[in-house]
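Visitor: I'd like a close look at one part of this model, please. Take your time and walk me through what surrounds it.

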Amino acid sequence: MKKLFIIKSGTTFADTARRWGDFDSWALNGLQLSRGEVNIVDVEGGGCLPDIEDCRGVVVTGSHANVTDGLPWSMAMAGWVPSLIEANIPFLGICYGHQLLAHALGGLVGFHPGGKEIGTVDVHLLPDSLTDPLFGSLPSPFQAHTTHSQTVLSLPKGAVRLASNFFEPNHAFRIGSCAWGVQFHPEYDKNIMESYVVEQAKELEAAGRDVPELLRTIRDTPVAVGILSRFARLSAKPG
């Protein structure tokens, strides 16, 4: 029986994990599926990527690793992703997963020239989102949580750009009919976002960022969170 797979591509900060869980549990909560409906594969920890024919859908989580690090497990994923796309398996890449999708299909990933985007931000939909199966009918702008230094500098050929903001031109895109990348974190809640700001406070202060203001402006992001459950419903539809 085919299942939806969460590909866990890393581990969060130790204190964040102790208090709020890890990437896989956040994604599972957002999908609104039971643990029995989902297979979790920890690729950073040595887990094997599933066979394409076993996948009903795939979510690739965020990571503290960079796509450009060229780690063996990351390179293996980059070689695996195109087969998913060719087979029309619904795919959702989050942050690292978003960048991996772009890289695997010929896009360019690297450090954002503006530095780190972090906190609760406005994300604006672009015209092609109106007919998109995942983003269609969402309000614009909507708020989402972010923390990333790398970005998709250039989208793959044929990619459809769906969302952006003043800092990030490629906050969401689609490849084909059912593969999406989102630079923001739909799986985060307020507690997780606050924890990420606190964990990086020294780095942010050194870069001239106003940490108290970042913390003050963290908000709930119900629209962004809902993207995960929408993806779960899409992946449940017959091919």
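What covers the buried residues of helix 2?

Guide: Quick ground rules before we dig in. This is a predicted model, where local features need pLDDT of at least 70 and side-chain atom pairs count only at pLDDT 80 or more, while totals for chains, interfaces and linings use all residues. Residues are numbered from 1 along each chain as its sequence is written, and side-chain values use heavy atoms, with hydrogens and water left out.

Now to your helix. The cover over the buried residues of helix 2 includes strand 1, helix 1, strand 2, strand 3 (55-60), helix 5 and helix 8. Helices here are DSSP runs of H or I with at least four residues, strands are runs of E with at least two, and both are numbered from the N terminus. "Buried" means under 20% relative accessible area, "exposed" means over 50%, and "partly exposed" is in between, using a 1.4 Å probe and protein chains only. Covering is a matter of contact, meaning heavy atoms within 4.5 Å.

How enclosed is the helix? Of the 9 residues of helix 2, 7 are buried, so the rest of the structure largely encloses it. Those residues are Phe23, Asp24, Trp26, Ala27, Leu28, Gly30 and Leu31.

Among the covering elements, helix 8 deserves a proper look. Helix 2 (residues 23-31) packs on helix 8 (residues 222-236) with 7 Å between their axes and an angle of about 70°. The axes are lines fitted to C-alpha atoms, for helices over the stretch in contact, with angles running from 0 to 180 degrees between N-to-C directions. The two helices are therefore roughly perpendicular; that label covers 65 to 115 degrees, with under 35 being roughly parallel, over 145 roughly antiparallel, and the rest oblique. On the helix 2 side, Ala27, Gly30 and Leu31 make the contact, and helix 8 brings Val225, Leu228, Ser229, Phe231 and Ala232. Sorted by class, that contact has 6 nonpolar, 2 polar and no charged residues. In that sorting, Ala, Val, Leu, Ile, Met, Phe, Trp, Tyr, Cys and Pro are nonpolar, Asp, Glu, Lys and Arg are charged, and the others, including Gly, are polar.

Now follow Leu31 inward. Leu31 is one of the residues with the most contacts inside the largest nonpolar core, which has 33 residues; Leu92, Phe135, Phe142, Trp180 and Phe184 are also on that list. A nonpolar core is a set of buried Ala, Val, Leu, Ile, Met, Phe, Trp, Tyr and Cys residues joined through side-chain atoms within 4.5 Å. Helix 2 supplies at least two residues of this core, as does each of strand 1 (3-8), strand 4 (91-94), strand 6 (117-125), strand 7 (142-148), strand 9, strand 11 (179-182) and helix 8. Helix 8 gives the largest share, 6 residues. There's also a second, separate core of 29 residues, including Phe5, Ala65, Leu84 and Phe91.

Phe184, from that busy list, links back to helix 8 territory: beyond four places in sequence, its contacts include Ala224 and Ile227, along with Phe135, Phe142 and His171. His171 sits in the loop between strand 9 (160-164) and strand 10 (172-175), and at 0% relative accessibility this residue counts as buried. The side chain of His171 has a polar contact of 3.1 Å with that of Glu117 and another, at 3.4 Å, with that of Asn165. A polar contact is a pair of N or O atoms within 3.5 Å; within protein, one must be able to donate a hydrogen and the other to accept it, and residues adjacent in sequence count only if both atoms are side-chain atoms.

Helix 5 (residues 190-199), another part of the cover, has its own buried set: Ile192, Met193, Ser195, Tyr196 and Val197. The covering works both ways, as helix 2 is among the elements over those residues, together with others such as helix 1 (14-20) and helix 7 (211-216). At the start of helix 5, a side-chain oxygen of Asp189 comes within 3.1 Å of the backbone nitrogen of Asn191.

Finally, look at where your helix ends. Helix 2 is followed by Gln32, with a positive phi near 60°. Most residues other than glycine have a negative phi. Gln32 lies in the loop leading from helix 2 to strand 2 (38-42) and is exposed, with a relative accessible area of 62%.
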